[in-house]
Amino acid sequence: MLELAGYAVAALMTAVAIWRALGGSDARRRSLWACFLGFSIALWTKTEAVRIGLNHSSITDASILIKHYSAGAAILAIMYYIVAVYGQYPPNGDMARAVRVARYIQRTATKTALAAVAVMTIMFFTIVDRTHASDKFVADHAGQPGATAYMTVFYIYLGSASTICLYQWGTAFRRKERPLLRTGLGMMTFAMVLGVTYSFGRMFAMWYWLFKPPSHATAYDIDAGTEVMQQLLFVFFALGVSIPAAERGLRRARSWLSLACIYPMWRELMTAFPTIPMEAPRSRRAELIRRDIEADLQLDRWVHDLADAIEKLRHHVPDELMPAARSSADQTHRSGNAAAAQAYWIKTALAAKNAGTPAGPVAAFEQHPATDQDSEVAWLRRVATKYSKTSPAQIQHLLDTAVMPA
């Protein structure tokens, strides 16, 4: 069961690494991608098939060395991620301590990682007893000074990095207010608690075994128990890092759906007033797959474009159009519908403008109160939906009765 869990966790980390590789190329994303790639390689070397194959290769216990090389690279990447996140702030205020830690990491991380790898490599080929290939390295080398010294270097490196991450993410968890971000930081903090416990717990166990060697069964049980702890560590770490990104992804998806909904109304209005948008409207497909602008920013532009277009339309209709649109909406919808009334007004005003009605005084128009952009976008989506469903007969009736009466 534990071996199957190992495959599952390795597959999870690989999937997250691939996802991160497709997510962008700024310093934070590159660091996280490298971190997940390194840990996914390390985890695959721990799976039974890969572990046995490597350990019985021409380099005995090669899986241990490859695992620690890749894990060391992943740890270095996560240190650079911390620098990218916290090192950008000014070294004062609430972030002062976190910034100082990040700046210290920036100065020492690479040198520390290279020194640890160099020392471990020398120890691996000189003082570690590799007479026979091992299956579980820590358990099989329990009580051996060479392996204990080798693993001590790695566990100090791993445990120190976990402690730094625990401090930074625990501090950020206390400051953040957004629920999903706090949840993600909380899971990452808990993962680092497991990381610190795993690293120093195993190190102390190996040193204890130097003075009181355990039975083979005891060593394997402790190895298996701490292995479960490490697997949980990676699960919580992967989920914790992914939750804030998923939140951003969901927001982008909502923005994209809003763009798709608003597009027909936006295009017709921008065609009528070509000086409003920053560039001429493209096809729906071209607008929705744009990569030169974030969906959130594009949606914000469209909201302002629509507001400007409506303001211009107010010069082409009389005050009577708004009451007539409300009356028409009341007849169409039993309980009345403010969104439908606004959609009728917009489409009728656009028809009047396109028919050549000259500009005049500003007509009355009922703006929907919005507390923030999200509520404004939600309202525009309702209006756009009604706008698309408005029949030509309804518009012609409003033109005849309210805009161009006989």
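# Exercises: rings and loops

Phe125 has 42% relative accessibility, so Phe125 counts as partly exposed. The model behind this value is predicted.

**Exercise 1. Assign Phe124 to a burial class.**

Step 1. Take the relative accessibility of Phe124: 0%.
Step 2. Apply the cut-off: buried means under 20% relative accessible area.
Step 3. Phe124 therefore counts as buried. Its sequence neighbour Phe125, at 42%, counts as partly exposed.

**Exercise 2. Classify the ring pair of Phe124 and Phe125.**

Step 1. A pair of aromatic rings is described by the distance of the centres and the angle of the planes.
Step 2. The structure holds 14 aromatic pairs. Phe124 and Phe125 form an aromatic pair, with 5.1 Å from centre to centre and 85° between the planes.
Step 3. Planes over 60 degrees apart count as edge-to-face. The pair of Phe124 and Phe125 is edge-to-face.

**Exercise 3. Classify the pair of Phe124 and Tyr150, then place both residues in the secondary structure.**

Step 1. The ring centres of Phe124 and Tyr150 are 5.9 Å apart, and the planes make an angle of 50°.
Step 2. Angles under 30 degrees count as stacked and over 60 as edge-to-face; the rest are tilted. Phe124 and Tyr150 are a tilted pair.
Step 3. Phe124 lies in helix α5 (residues 96–126), Tyr150 in helix α7 (residues 145–175). The pair therefore ties together parts that are 26 residues apart in sequence.
Step 4. Check burial. Both Phe124 and Tyr150 are buried.
Step 5. Extend the network. Ring pairs link Phe124, Phe125, Phe137 and Tyr150 into a cluster.

**Exercise 4. Describe the surroundings of Asp61 and Ala62.**

Step 1. Place Asp61. It lies in the loop between α3 (48–55) and α4.
Step 2. Inspect its backbone. Phi of Asp61 is near 60°, a positive value in a residue other than glycine.
Step 3. Check burial. Asp61 has a relative accessible area of 0%, so it is buried.
Step 4. Move on to Ala62. This residue is found in helix α4 (residues 62–86). Ala62 has a relative accessible area of 7% and is therefore buried.
Step 5. List contacts beyond four places in sequence. Ala62 touches Leu54, Asn55 and Ser57.
Step 6. Look further along the chain. Ala62 and Ala133 are 71 residues apart, and their C-alpha atoms are separated by 9.1 Å.

**Exercise 5. Is His141 buried or exposed, and which residues does it contact?**

Step 1. His141 lies in the loop between α6 (137–140) and α7.
Step 2. The relative accessible area of His141 is 3%, so His141 is buried.
Step 3. Leave aside neighbours within four places in sequence. His141 then contacts Asp61, Val128, Asp129, Ser134, Ala147 and Met206.
Step 4. Return to Exercise 4: Asp61, one of these partners, is the loop residue with the positive phi.

**Exercise 6. Summarise the whole chain.**

Step 1. Count elements: 15 helices and zero strands.
Step 2. Test the globule rule. A compact globule of 406 residues would have a radius of gyration near 22 Å; the chain has 31 Å.
Step 3. Box the C-alpha atoms along the principal axes: roughly 105 × 45 × 35 Å.
Step 4. Assess the interior. Buried residues make up 45% of the 406. Among contacts with a separation of 6 or more, 76% join residues 24 or more positions apart.
Step 5. Assess the surface. The chain exposes about 20200 Å², with 62% of it from carbon and sulfur atoms.
Step 6. Locate the charges. The mean positions of the 42 positive and 31 negative charges are 4 Å apart.

Technical notes:
Residues are numbered from 1 along each chain as its sequence is written. This is a predicted model: local features need pLDDT of at least 70, side-chain atom pairs count only at pLDDT 80 or more; totals for chains, interfaces and linings use all residues. Side-chain values use heavy atoms; hydrogens and water are left out. Helices (H or I, at least four residues) and strands (E, at least two) are DSSP runs, numbered from the N terminus. The radius of gyration is taken over C-alpha atoms; the globule rule is 2.2 Å times the number of residues to the power 0.38. Buried means under 20% relative accessible area, exposed over 50%, partly exposed in between (1.4 Å probe, protein chains only). Contact means heavy atoms within 4.5 Å. Accessible areas come from the Shrake-Rupley method with a 1.4 Å probe; for residues, only the protein chains shown count as cover. Lys and Arg count as positive and Asp and Glu as negative; His and the chain ends are not counted. The place of a charge is taken as NZ of Lys, CZ of Arg, CG of Asp or CD of Glu. Rings of Phe, Tyr and Trp (its six-membered ring) pair if their centres lie within 6.5 Å; planes under 30 degrees apart count as stacked, over 60 as edge-to-face and the rest as tilted.
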